[in-house]
Amino acid sequence: MGRKNLLSDLLSDATQAAPSALPAEEGRAPQPTLGGRGVVGAVSRSLERLSAESEAAKALADRFANGETVLEIDPSLIDASIVPDRMPGTDDEHEALVQSISANGQLVPVLLRPHPSQPARYQTAYGHRRVRALKALGRPVRAVIRKMTDEELVVAQGKENGERKDLSFIERAIYAVTLEDREFKRDTIGSALSVDKTELSRLISVGRAIPRALIEAIGPAPKTGRRRWMELESLLQGRDAIGDLAPLISSQAFRSKDSDARFLAVCAALAPRPQRTEPESWTSADGKAVALIDRKTEKTTLAVNEKVAPGFGEFVVGRLGELYVEYLKGTA
């Protein structure tokens, strides 16, 4: 406001206020002012108004500085966090989120920070899936922008996911290991995951003991908790996990299962089989001892008594392909 206009406003207020102060409305307390009547009161009221406007402007500036204002950002300008906290989701999950946002809009803003090395770009603290869905829809991302250090970013990222409790145990374990590999202090990692030192040690132990390739083959296993993953860690001791499990995890039947079912299939494959010292005889319904079954840890041998059932051994061999397909269907 120019000086001339300011003085005009002051004089106008003074002219209106000079005759007398108007009585307060019934039931309403008089509004406090810095001055009394006349020109001094008018000047005081104008100063109060300017002060209030200044405070409002300062409050608005503080909201922008603190990242409390939601802005719309082009998703092409948004990069992922410095540390991923999720394993890749299924296409079904992504499509479901796309459909939800398409129908209802983006209900919860994401949290971004200005990219530390690339001007006019941003990094995601949390909300990666929403950013991906909005990018697919061609819509801007509603986001809170906040300046953060690397430590502040990972803490905000971990706490937001921890409060929603939608990260599985193994995702949290991988996140902890990744942060430690990037030389974040354990105090920072514990704050990010909202866990004490004991639980953090368990997360890191499991995350390091189980090969990453096997974890990725299994997936996030959202219904599988710490105890079961620690059991798998024990089953893997002294084993070539990837070599021993390669036929299983590469099969279509395994890949078609959901993540928790894949975890159970891996545990079943690693579980020790009961030892039998003597072969067992298989007897048919008519009482004939048709075959002898010898079960060992590494193999099971079926010996057909051709004298009792001539040609039965060849018959079984000819059906092996069908039996194997049926076996795979049963494990799907």
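Sheets, helix packing and cores in a predicted model

An open sheet of five strands, with mixed pairing, follows the order β1-β5-β3-β4-β2. The model is predicted.

Q: What makes β1 and β2 the edge strands of the five-stranded sheet?
A: β1 (70-73) and β2 (78-79) each pair on one side only.

Q: How do you know that β1 and β5 pair?
A: Pairing requires at least two bridges between the strands. Four bridges join β1 to β5 (residues 141-145), so the requirement is met. The two strands run antiparallel, and Leu71 stands opposite Ala143 in β5.

Q: Which helix lies across β2, β3, β4 and β5?
A: Helix α4 (residues 128-137) lies across these strands, where β3 spans 110-114 and β4 spans 122-126. Helix α4 runs at about 125° to β4. Angles of 65 to 115 degrees count as roughly perpendicular and those over 145 as roughly antiparallel, so the angle between α4 and β4 counts as oblique.

Q: Why do β6 and β8 each have one side without a neighbour in the sheet?
A: The open sheet of three strands has the order β6-β7-β8, with antiparallel pairing. β6 (280-283) and β8 (300-304) stand at its edges with a single partner strand each, so one side of each is left without a neighbour. Neighbouring strands of this sheet are turned by 25° against each other on average, direction ignored.

Q: What makes β6 and β7 a pair?
A: At least two bridges are needed, and four join β6 to β7 (residues 289-295), so the two strands count as paired. They run antiparallel. The bridge partner of Trp282 in β7 is Ala291.

Q: Why are α7 and α8 called roughly perpendicular?
A: Helix α7 (residues 186-193) and helix α8 (residues 197-209) pack at an angle of about 95°. The range for roughly perpendicular is 65 to 115 degrees, and α7 and α8 are therefore roughly perpendicular to each other. Their axes are 10 Å apart.

Q: Which residues of α7 and α8 meet?
A: From α7 there are Arg186, Asp187, Ile189, Gly190 and Leu193, and they meet Lys197, Leu200, Ser201, Leu203 and Ile204 in α8. By class, the residues of this contact are five nonpolar, two polar and three charged. Gly counts as polar under the classes used, so Gly190 belongs to the polar group.

Q: Which members of the largest nonpolar core touch the most other members?
A: Leu214, Trp229, Leu232 and Val266 do, in a core of 44 residues. Helix α6 (residues 169-181) gives the most to this core, with eight residues. Leaving aside neighbours within four places in sequence, Val266 is in contact with Leu214, Ile218, Leu232, Leu245, Leu248, Ile249 and Phe254. A second, separate core has 13 residues, among them Ile73, Val98, Ala133 and Val141.

Q: Why does Arg226 count as partly exposed?
A: Buried means under 20% relative accessible area and exposed means over 50%. Arg226 has 35% relative accessibility, so it falls in between and counts as partly exposed. Arg226 is found in helix α10 (residues 226-236). Beyond its neighbours within four places in sequence, Arg226 is in contact with Phe169, Glu199 and Arg202. The C-alpha atoms of Arg226 and Ser168 are separated by 9.3 Å, although the residues are 58 apart along the chain.

Q: How many helices and strands does the protein chain have?
A: The protein chain has 15 helices and eight strands. Of its 332 residues, 33% count as buried.

Conventions
Residues are numbered from 1 along each chain as its sequence is written. This is a predicted model: local features need pLDDT of at least 70, side-chain atom pairs count only at pLDDT 80 or more; totals for chains, interfaces and linings use all residues. Side-chain values use heavy atoms; hydrogens and water are left out. Axes are lines fitted to C-alpha atoms, for helices over the stretch in contact, and angles run from 0 to 180 degrees between N-to-C directions. Angles under 35 degrees count as roughly parallel, over 145 as roughly antiparallel, 65 to 115 as roughly perpendicular and the rest as oblique. Contact means heavy atoms within 4.5 Å. A nonpolar core is a set of buried Ala, Val, Leu, Ile, Met, Phe, Trp, Tyr and Cys residues joined through side-chain atoms within 4.5 Å. Buried means under 20% relative accessible area, exposed over 50%, partly exposed in between (1.4 Å probe, protein chains only).
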